[in-house]
Amino acid sequence: MDAAPAQGPWHYPVLLKETLEYLAIRPDGIYVDLTAGLGGHAGAIARQLAGGLLIACDRDAESLEMARVNTAALPGADRIRFFHGAFSKLPEALAKNGVEAVDGVLADLGVSRYQLSSGERGFSLMEDGPLDMRMDRSQDLTAADLVNELSERDLADLIYQFGEERRSRRISRAIVRARPILTTGRLARVVEQAAPRTGRLHPATQTFMALRLKVNEEFEELEEMLRTVPGRLRSGGRFVVLTFMSAEDRKVKQAFQGLAREGYGTILTKHVVKPTDAEVLENSASRSSKLRAFERA
């Protein structure tokens, strides 16, 4: 297969070659990309379809529209159906397209470079903007709500549990004293003053990650996906998940192990798949990515 074209200045689909290999795409198969993002993986999957179907989902409406634009001129674009919704909306996405079971599902749990680089979305440490962090901007809860309304203890627990930040109590105390905090730039400065840099990462990285995970209920959505997808796979159907955090990878690994023990199918990745040195050199954001794959019996 020819390499997929670059998808704009922000996007490099992670572990693309390996993802396609583990999905083992059939030209007439039905596939779901639960995290269409900017369309990198979706476009590559669609290029291999001839009579099949790809349902491309994303909870971020702006990203989904970019995926639509980025894939519009690619071979197989007419095989893509777009759906706005989170993992928990998978049954609705399938029903809307008259589908009961599928041949493969992909979920890339990374945050897109577009989201991280766009100040107005409120994810970025480097570009100042409103303290938002909603992937789906139709929802009510924002990161500003958490930062300005949680008690000092609850905020510290959140930063520790979701961000694995050992300095969470010191950071939480500083945040509460600095309220109101309404922008990403101000939050980053408050955290940096409370917990100065000790390594390569910005000291607010884990605090930002914790807020993002909570705002978007990412762990809850992941667990729902891991419960729902296996039952929607046809015999021989593949389930491929890309993770970027140890907590996510652990949940996927345990879910696949449980399915295998129950005789539901086979784990295809006995050892987790990681990007090559060449890929990391080309796209440093892929450094922490891991791929796991499962095949239904």
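These legends describe close-up views of salt bridges and one helix contact in a predicted model.

**View 1. A salt bridge within helix H1 joins Lys-17 and Glu-21.** The closest N and O atoms of Lys-17 and Glu-21 are 2.7 Å apart. Both residues belong to H1, which spans residues 16-23. They sit 4 residues apart, about one turn of the helix. Lys-17 has a relative accessible area of 56%, so this residue is exposed. Glu-21 reaches 46% and counts as partly exposed. This pair belongs to a structure with 20 salt bridges.

**View 2. Arg-169 and Asp-157 form a salt bridge through their side chains.** The N to O distance is 3.3 Å. The pair links distant parts of the chain. Arg-169 lies in helix H8, residues 168-178. Asp-157 lies in helix H7, residues 152-163. The two residues are 12 residues apart. Arg-169 is partly exposed, with a relative accessible area of 46%. Asp-157 is also partly exposed, at 23%. Buried residues fall under 20% relative accessible area, so Asp-157 at 23% does not count as buried.

**View 3. Arg-212 and Glu-218 pair in a salt bridge between buried residues.** Their closest N and O atoms are 2.8 Å apart. Arg-212 has a relative accessible area of 11%. Glu-218 has 10%. Both values are under 20%, so both residues are buried.

**View 4. Salt bridges that share partners build one network.** The network joins five residues by name: Asp-60, Glu-62, Glu-120, Arg-121 and Arg-137.

**View 5. Helices H7 and H10 pack at an angle of about 95 degrees.** Two packed helices are described by the angle between their axes and by the distance between those axes. Here the axes of H7 and H10 are 8 Å apart. H10 covers residues 205-215. An angle of 65 to 115 degrees counts as roughly perpendicular, so H7 and H10 are roughly perpendicular to each other.

**View 6. Side by side, the residues of H7 and H10 that make the contact.** H7 contributes Leu-158, Ile-159, Phe-162 and Gly-163. H10 contributes Gln-206, Thr-207, Met-209, Ala-210, Leu-211, Leu-213 and Lys-214. By class, the contact residues divide into 7 nonpolar, 3 polar and 1 charged. Gly-163 is one of the polar residues, because Gly is counted in that class. Lys-214 is the charged one, because Lys counts as charged.

Methods
Residues numbered from 1 in each chain as written. Predicted model: local features only at pLDDT ≥ 70, side-chain atom pairs only at ≥ 80, totals over all residues. Heavy atoms only, no water. Salt bridge = Lys/Arg side-chain N within 4 Å of Asp/Glu carboxyl O. Buried < 20%, exposed > 50% of the residue type's maximum accessible area, 1.4 Å probe, protein only. Axes fitted to C-alpha atoms, helices over the stretch in contact; angles between N-to-C directions. Parallel < 35°, antiparallel > 145°, perpendicular 65-115°, else oblique. Contact = heavy atoms within 4.5 Å.
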